[in-house]
Amino acid sequence: MMFDLKQLYQDVIVDHNRSPRNFGILEHADRKLEGYNPLCGDKLTLYVKMDGDIISDIRFDGSGCAISVASASLMTEAMKGKTIAKAEQLFNDFHHLLTAENAEPDLDRFGKLAALAGVREYPSRIKCASLCWHTLHAVIDGNAAAVSTE
Ligand code: ZN
């Protein structure tokens with residue numbers, strides 16, 4: 001069956017850029033970190049609230065291109081309620097999804113996140129899609145320094 005990644009990419013990016021999920025400041029966040037992609041000018045702040053080792057709430061704000069906003073929207077949606085271990089696993093899987101050559105995304109596993117594999121067609125934009133993920137990874141690791149893709 002042919003899978004139209006380009007169409008999915010278009011639809012999902014437009015939708016999540018137009019109405020980003022989990023957008024705004026999270027009051028009483030346990031952890032907060034900024035991420036910056038100087039190549040494109042994408043800037044975001046990620047807020048995370050933990051309940052034990054579970055990401056009980058996660059929000060982001062900032063400004064950036066459609067891909068960076070949509071990726072953060074999709075990521076926060078996917079990460080809410082996950083344990084740190086599951087979040088790390090998803091980070092690794094997602095990193096593979098963005099960099100794997102011509103591997104078809106597993107829709108069952110990735111759901112809407114699979115749409116972001118469409119960015120492989122535009123290598124200069126991969127950092128736009130991965131910025132929020134690297135920022136979350138740093139948050140989970142307990143890093144205090146802001147993340148830059150450069
Ligand atoms: Zn960008």
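1. Let me start with the term the metal site needs: donors are N, O and S atoms within 2.8 Å of the metal (3.2 Å for Na, K and Ca), and water is not among the atoms, so sites may look incomplete. This is a predicted model, in which local features need pLDDT of at least 70 and side-chain atom pairs count only at pLDDT 80 or more, while totals for chains, interfaces and linings use all residues. Residues are numbered from 1 along each chain as its sequence is written, and side-chain values use heavy atoms, with hydrogens and water left out.

2. The zinc ion is a good place to begin. Its protein donors are the SG atoms of Cys-40, Cys-65 and Cys-128, together with Asp-42, which is listed twice through OD. They lie 2.2 to 2.6 Å from the ion. Along the chain, the donors follow the spacing C-x1-D-x22-C-x62-C. Cys-40 sits in the loop between strand E1 (31-37) and E2, and Cys-128 in helix H5, so this pair ties together parts that are 88 residues apart in sequence. Helices (H or I, at least four residues) and strands (E, at least two) are DSSP runs, numbered from the N terminus.

3. Are those two cysteines buried or exposed? Cys-40 counts as partly exposed, at 36% relative accessibility, whereas Cys-128 counts as buried, at 1%. For these labels, buried means under 20% relative accessible area, exposed over 50%, and partly exposed in between (1.4 Å probe, protein chains only).

4. Gly-64 belongs in the same discussion. It is placed in the loop between E3 and H2 and is partly exposed, with a relative accessible area of 34%. Not counting residues up to four places away in sequence, Gly-64 touches Asp-42, one of its two partners, and Val-69; contact here means heavy atoms within 4.5 Å. The C-alpha atoms of Gly-64 and Cys-128 are 8.3 Å apart in space, with their positions 64 residues apart in sequence.

5. Now the interior. A nonpolar core is a set of buried Ala, Val, Leu, Ile, Met, Phe, Trp, Tyr and Cys residues joined through side-chain atoms within 4.5 Å. The largest such core has 44 residues, and Leu-46, Met-79 and Trp-133 touch the most other members. At least two residues each come from helix H1 (5-18), strand E2 (42-51), strand E3 (54-63), helix H2 (66-79), helix H3 (84-99) and helix H5 (126-141). H5 gives the largest share, 9 residues.

6. Which residues does Trp-133 contact, leaving aside its neighbours within four places in sequence? They are Ser-71, Met-75, Met-79, Leu-90, Phe-91, Phe-94 and Leu-113. The next two points look at the helix pairs around this residue.

7. H2 and H5 pack at an angle of about 40°, with their axes 7 Å apart. Axes are lines fitted to C-alpha atoms, for helices over the stretch in contact, and angles run from 0 to 180 degrees between N-to-C directions. H2 and H5 are therefore oblique to each other: angles under 35 degrees count as roughly parallel, over 145 as roughly antiparallel, 65 to 115 as roughly perpendicular and the rest as oblique. Their crossing is right-handed; a crossing is left-handed if the near helix is turned anticlockwise from the far one by less than a right angle, and right-handed if clockwise. On the H2 side the meeting residues include Ser-71, Met-75 and Met-79, and on the H5 side Cys-128 and Trp-133 are among them.

8. For H3 and H5, the axes come within 11 Å and cross at roughly 155°. That makes H3 roughly antiparallel to H5, and the crossing is left-handed. Leu-90, Phe-91 and Phe-94 are among the H3 residues that meet H5, where the partners include Trp-133 and His-137.

9. Two backbone entries may interest you. Asn-22 has a positive phi of about 55° although it is not a glycine, and His-28 likewise has a positive phi, of about 60°. Asn-22 is in the loop between H1 and E1, and His-28 also lies in the loop between H1 and E1. Asn-22 is buried, with a relative accessible area of 14%, while His-28 is exposed, at 67%.

10. Finally, the C-terminal stretch. Ser-148 lies in strand E4 (residues 147-148), is partly exposed at 37% relative accessibility, and touches Tyr-36 and Pro-38, not counting residues up to four places away in sequence. Glu-150, in the segment after E4, is exposed, with a relative accessible area of 57%. With the same sequence neighbours left out, Glu-150 touches Pro-38, Leu-39 and Lys-127.
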